Amino acid sequence: MPRDGAPRPSVPTTLFDSADLVNPLLDTLQTYPFEKLRVLFAGVTPTAALKPISFGIGEPKHATPALIKDAIVGSLDGLASYPATAGTEALRTAIAGWIARRYGVTLDAATEVLPVSGSREALFALAQTVVDGSRPGAVVVCPNPFYQIYEGAALLAGATPYFANSDPARNFACDYAAIPEDVWARTQLLYVCSPGNPTGAVITLDDWRELFALSDKYGFVIASDECYSEIYFDEDRVPLGSLEAARALGRDATRLVVLSSLSKRSNVPGMRSGFVAGDAAILKRFLLYRTYHGCALSPVWQSASVAAWGDEAHVVENRAMYAAKFKTVTPMIASVLDVKLPDAAFYLWVDVRRSGLSDTEFAKRLYADYNVTVLPGSYLARDAHGLNPGSGFVRIALVAEVAECTEGAQRIVDFCHGLAKARAA
Ligand SMILES: Cc1ncc(COP(=O)(O)O)c(C=O)c1O
């Protein structure tokens with residue numbers, strides 16, 4: 001107050017409301033599928049007679065192997081130093097070694113491999129590195145259904161996502177042939193996911209031939225998300241990786257970047273450890289971006305990751321646990337709904353239309369009556385080209401132990417039998 005007691009004229013301390021001081025592109029982001037599920041289930045009280053079983057979130061639940069925990073404890077001294085964004089030579093070499101053993105492809109550990117804090121952040125950051133949002137009509141092509149990070153990464157990079165619908169009649173392969181020439185001409189980045197979330201489909205060599213040819217013609221970068229590559233059910237049908245496909249087709253990794261992680265392979269989603277590998281020129285720019293972004297892996301995680309990438313025994317054991325679950329659960333669900341064993345990954349992508357319910361209604365009633373959570377497929381896809389390709393499907397994540405998965409599957413069977421009986425009455 002001035003001495004004379006007269007009120008001071010109010011002077012704005014800022015020209016803008018703080019709510020205006022945000023990136024407007026944030027408003028283009030969609031809510032996450034689990035938030036949509038929360039809204040769907042709001043006000044529903046599941047039966048108290050049955051303990052909850054969640055097939056909703058695709059989070060690995062098997063125990064973290066002792067060799068990784070021991071490596072963490074043994075490298076705690078690493079906390080005393082800042083990590084380099086490029087990672088240690090030991091880790092880059094361990095990753096390059098794993099790629100060579102798994103895919104038969106030799107990469108330069110110094111220039112063609114980079115550790116990242118899990119594939120999620122790298123999938124996002126890669127778009128910020130390669131997409132020039134100032135170019136008119138910038139497009140990022142995404143599969144549909146898809147992992148939602150691709151869409152957010154494209155939007156925040158200033159591009160428009162273009163969705164390539166997956167086709168149930170072709171083992172959920174995306175219909176790339178239907179993408180018009182003028183869209184390809186504006187495409188700067190293509191996300192592929194193989195094995196796919198949520199369909200589990202693995203991209204074939206023929207599909208890779210088509211995608212590489214399109215990339216050569218239009219000059220876009222391919223980001224190949226392969227974080228489920230080690231979860232498969234038949235040791236004679238190991239998922240084809242994009243680097244392996246490139247080698248088989250007599251080409252190098254030009255405009256190709258592979259992303260993978262230890263989260264699912266080694267049951268360490270909390271460690272946040274993965275890698276990108278491929279085109280050295282892109283990785284160089286990516287490293288520059290990451291230096292500013294400040295997402296280097298803790299030295300402790302780096303040491304533990306060296307141990308994890310160097311061991312396959314725990315991965316074989318982990319895979320066997322998934323295989324046992326899929327062997328038991330798939331026929332149970334297939335007795336009442338349309339589903340088949342996927343190529344790989346830990347999801348069943350189930351067509352529920354036979355139940356007479358929509359995917360959201362199916363999920364809601366299953367939750368209410370049997371206390372089982374599944375994710376409606378329409379939440380994992382966008383309306384594109386006249387349909388939502390996730391609609392009519394639910395995603396079942398078989399991440400819990402086998403007994404719990406079997407009990408959950410039995411409840412789904414009972415639920416479907418109940419629906420059929422009610423329909424017949
Ligand atoms: C398709 C897909 N890509 C990437 C990720 C990210 O995994 P992470 O960041 O743990 O490597 C996930 C996680 O569920 C996923 O489903």
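In this predicted model, 35 residues of domain 1 are in contact with 32 residues of domain 2. That contact is a good place to start.

**Two domains**

Domain 1 is built from two stretches of chain, 25-63 and 314-424, while domain 2 covers 67-311. Taken over C-alpha atoms, the centres of domain 1 and domain 2 are 26 Å apart. Now look at the side of domain 1 that touches domain 2. Two elements give two or more residues to this side: helix H12 (313-334) and strand S10 (347-351). H12 supplies the largest share, with seven residues. By residue class, this side of domain 1 has 21 nonpolar, nine polar and five charged residues.

**The eight-stranded sheet**

Follow the strands next. Eight of them form an open sheet, and the pairing is mixed. The order across the sheet is S2-S9-S8-S7-S6-S3-S4-S5. Strand S2 (113-116) and strand S5 (173-174) are the edge strands, each pairing on one side only.

Pick out one pair inside this sheet. Strand S3 (residues 139-144) runs parallel to strand S6 (residues 187-193), and three bridges link the two. Which residue of S6 stands opposite Val-140? Leu-189 does.

Helices cover parts of this sheet. Helix H7 (residues 205-218) packs on the sheet and touches S5, S6 and strand S7 (221-225). The direction of H7 makes about 165° with that of S6. Helix H5 (residues 149-156) lies across S3, S6 and strand S4 (160-167). H5 runs at about 170° to S3.

**Unusual backbone spots**

Most residues other than glycine have a negative phi, and most peptide bonds are trans. Three places in this model stand out against that background. The table lists them.

| Place | Feature | Angle | Loop |
|---|---|---|---|
| Asn-144 to Pro-145 | cis peptide bond | omega about 5° | Pro-145 between S3 and H5 |
| Ser-194 to Pro-195 | cis peptide bond | omega near -5° | Pro-195 between S6 and H7 |
| Asn-171 | positive phi | phi near 50° | between S4 and S5 |

Find these on the chain. Pro-145 sits in the loop that leads from S3 to H5. Pro-195 is in the loop between S6 and H7. Asn-171 belongs to the loop between S4 and S5, and Asn-171 is a residue other than glycine with a positive phi.

**A helix pair**

Two packed helices are described by the angle between their axes and the distance between the axes. Helix H2 (residues 66-74) and helix H11 (residues 299-309) make one such pair. Their axes come within 8 Å and cross at roughly 145°. Is the crossing of H2 and H11 left-handed or right-handed? The crossing is right-handed.

The helices meet through named residues. H2 brings Leu-67, Ile-68, Ala-71 and Ile-72. On the other side, H11 brings Val-300, Ser-303, Ala-304, Ala-307 and Ala-308. In this contact, eight residues are nonpolar, one is polar and none is charged.

**The three-stranded sheet**

There is also an open sheet of three strands, with antiparallel pairing. The order is S10-S13-S12. S10 and strand S12 (375-376) are the edges, and each pairs on one side only. S10 has appeared already: it is one of the elements on the side of domain 1 that touches domain 2. S12 and strand S13 (residues 393-397) run antiparallel and are joined by two bridges. Which residue in S13 is the bridge partner of Pro-376? The partner is Val-394.

**Around the ligand**

Finish at the ligand. There are 13 residues around the ligand. Which of them come nearest? Gly-118, Ser-119, Arg-120, Ser-261 and Ser-263 do. The whole shell divides into four nonpolar, seven polar and two charged residues.

Conventions: Residues numbered from 1 in each chain as written. Predicted model: local features only at pLDDT ≥ 70, side-chain atom pairs only at ≥ 80, totals over all residues. Near = placed C-beta within 6 Å. Nonpolar A, V, L, I, M, F, W, Y, C, P; charged D, E, K, R; others polar. Axes fitted to C-alpha atoms, helices over the stretch in contact; angles between N-to-C directions. Helix = DSSP H or I, 4+ residues; strand = E, 2+ residues; numbered from the N terminus. Left-handed = near helix turned anticlockwise from the far one by under 90°. Contact = placed C-beta atoms within 7 Å. Pairing = 2+ DSSP bridges. Domains from an automatic or database assignment.
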